[in-house]
Amino acid sequence: AMDKDVWERARLIPVSGITGPDEQERRGSSALLAVIDSVKEFGRALAAPLGAPAGVISTYIEVPFKLGEKNLRPDGVIRVVRGSKSWTALVEVKTGRNELRAAQIESYLDLARQEGFEAVLTISNQLVSAPGEHPVTVDGRKTKRVSLHHLSWSQVYTEALIEQGNRSVADPDQAWILAEFVRYLGHPRSGAVDFDDMGPSWVAVRDAARAGTLTQNDKGAVEVTNRFGQLISFAAMGLSRQLGVQVAPVLSPADAKDPGRHLKAAVVTFTETGRLHGALSVPHAIA
């Protein structure tokens, strides 16, 4: 008799066959968009903060467009239809250590404006220190008619775990699909990476802070302060995964409106005191 303990289970979203970053990115894009389309509670949880209305979600992958003389092919499109109205977002995805590029994002913002679409959504492993912040700086004129949003893979994974842990998905088949997606994102070959270091400047900046020689003109101080904000955001996600509620960093209304202001103030405090501070808001906590 064959030893069934060594048999590998057939998976809805396999990690086998991922041989490089391009295949990793395509598979991650397709898997995410398919689950957004098929698991309505999960799709709604991701789409609602982007400004999408409640409605029927459809997703598409690598849709070809033309912008002037350029041929563009975003990684995906999300469309939400409610009655006679529709809301559409272009999607750009990066996996692993690949980072988003400003020129590409600006092209998609131009394309969305041309097509009358409402939003551009980027997804990568780049974390931000405040909700609504974007890891890439783009020309502000391009976001006047089209909104720009960002999700890290850690956020996507966290939302999937919250939906799964709270048993929010009513249909058992859809719940199984979400479980397969959670398993996929948890595999190292998926390209979904959690926060794992404080950056190349950490040791030098830490030692300078300890010695009291850190200055506001030190580029490393800005980098480490920003990384610390990302660490606080990731800590919030870690608690969210364990508690099944949306834990979030605590920011003043002014800082939430202008994340750059928050970063500048944090750098000043860090260079003057040698300390970094963060706080988390936990829903329904006793204090």
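A residue counts as exposed when its relative accessible area is over 50%, as buried when that area is under 20%, and as partly exposed in between. The model on screen is a predicted one.

**Stop 1: the tail end**

Select His284, in the segment after strand S9 (280-281). Is His284 buried or exposed? His284 has a relative accessible area of 78%, which is over the 50% cut-off, so it is exposed. Check its backbone as well: His284 has a positive phi of about 70°, although it is not a glycine.

**Stop 2: the whole chain**

Zoom out and colour by secondary structure. The protein has nine helices and nine strands. Its radius of gyration is 21 Å, close to the 19 Å that the globule rule gives for 287 residues, so the protein is as compact as a globular protein of that length. Along the principal axes, the C-alpha trace spans about 65 × 60 × 45 Å. Of the 287 residues, 43% are buried.

**Stop 3: strands S1 and S4**

Select residues 56-61, strand S1, together with residues 76-82, strand S4. These two strands run antiparallel and are joined by six bridges. For one position in this pairing, pick Ile57 of S1 and look across to Val80 in S4, which stands opposite.

Now step off S1 into the loop that leads to strand S2 (65-67), and select Glu62 there. Glu62 is another residue to check for phi: the angle is positive, about 50°, although Glu62 is not a glycine. With a relative accessible area of 32%, Glu62 falls between the 20% and 50% cut-offs, so it is partly exposed.

**Stop 4: the hairpin of S4 and S5**

Keep S4 and add strand S5, residues 85-93. How many bridges pair S4 with S5? There are seven, in the antiparallel sense. Label two facing positions: Val81 stands opposite Ser86 in S5, and Arg82 stands opposite Lys85 in S5. Two residues lie between the strands of this hairpin, and Gly83 takes a positive phi near 65°.

In a regular strand, side chains alternate between the two faces of the sheet. Show side chains along S5 with that in view. Seven of the nine residues of S5 are buried, so the strand is largely enclosed by the rest of the structure.

**Stop 5: across to S6**

Add strand S6, residues 119-124. Here the sense of pairing is parallel: five bridges join S5 to S6. To find one of them, select Glu92, whose bridge partner in S6 is Thr122.

**Stop 6: the cavity**

Rolling a probe the size of a water molecule over the atoms shows where empty space is left. Run a cavity search or select the lining directly. The structure holds one cavity of 30 Å³ or more, and the largest cavity has a volume of about 40 Å³.

Which residues line the largest cavity? Select Leu32, Leu33, Ile36, Leu46, Leu50, Ile78, Val91, Leu121, Ile123 and Leu151. Colour them by class: ten are nonpolar, with no polar and no charged residues in the lining. Helix H1 (21-38) and strand S6 each supply at least two residues. The largest share, three residues, comes from H1.

**Stop 7: from Val91 to H7**

Keep Val91, one of the lining residues, and select Ala235 in helix H7 (residues 219-243). Draw a distance between the C-alpha atoms: the two residues are 26 Å apart in space and 144 residues apart in sequence. Ala235 has a relative accessible area of 32%, so it too counts as partly exposed under the cut-offs of 20% and 50%.

**Stop 8: helix H4**

Finish at helix H4, residues 153-165. What span should the 13 residues of H4 have at 1.5 Å a residue? The expected span is 18 Å, and the end C-alpha atoms are 18 Å apart, which agrees.

Switch to a surface display. H4 is mostly covered, with ten of its 13 residues buried. Those to select are Trp153, Ser154, Val156, Tyr157, Thr158, Glu159, Ala160, Leu161, Ile162 and Glu163. An α-helix has 3.6 residues a turn, so residues three or four places apart point the same way. Last, move past the end of the helix to Arg167, which follows H4 and has a positive phi, near 50°.

Definitions and conventions:
Residues numbered from 1 in each chain as written. Predicted model: local features only at pLDDT ≥ 70, side-chain atom pairs only at ≥ 80, totals over all residues. Heavy atoms only, no water. Helix = DSSP H or I, 4+ residues; strand = E, 2+ residues; numbered from the N terminus. Expected span 1.5 Å × (residues − 1). Buried < 20%, exposed > 50% of the residue type's maximum accessible area, 1.4 Å probe, protein only. Pairing = 2+ DSSP bridges. 1 Å grid on protein atoms, 1.4 Å probe; cavity = no way out; pocket = protein on both sides within 12 Å on 5 of 7 lines; lining within 4 Å. Points joined across faces, edges and corners; volume = space filled by probe spheres on them. Nonpolar A, V, L, I, M, F, W, Y, C, P; charged D, E, K, R; others polar. Rg over C-alpha atoms; globule rule 2.2 N^0.38 Å.
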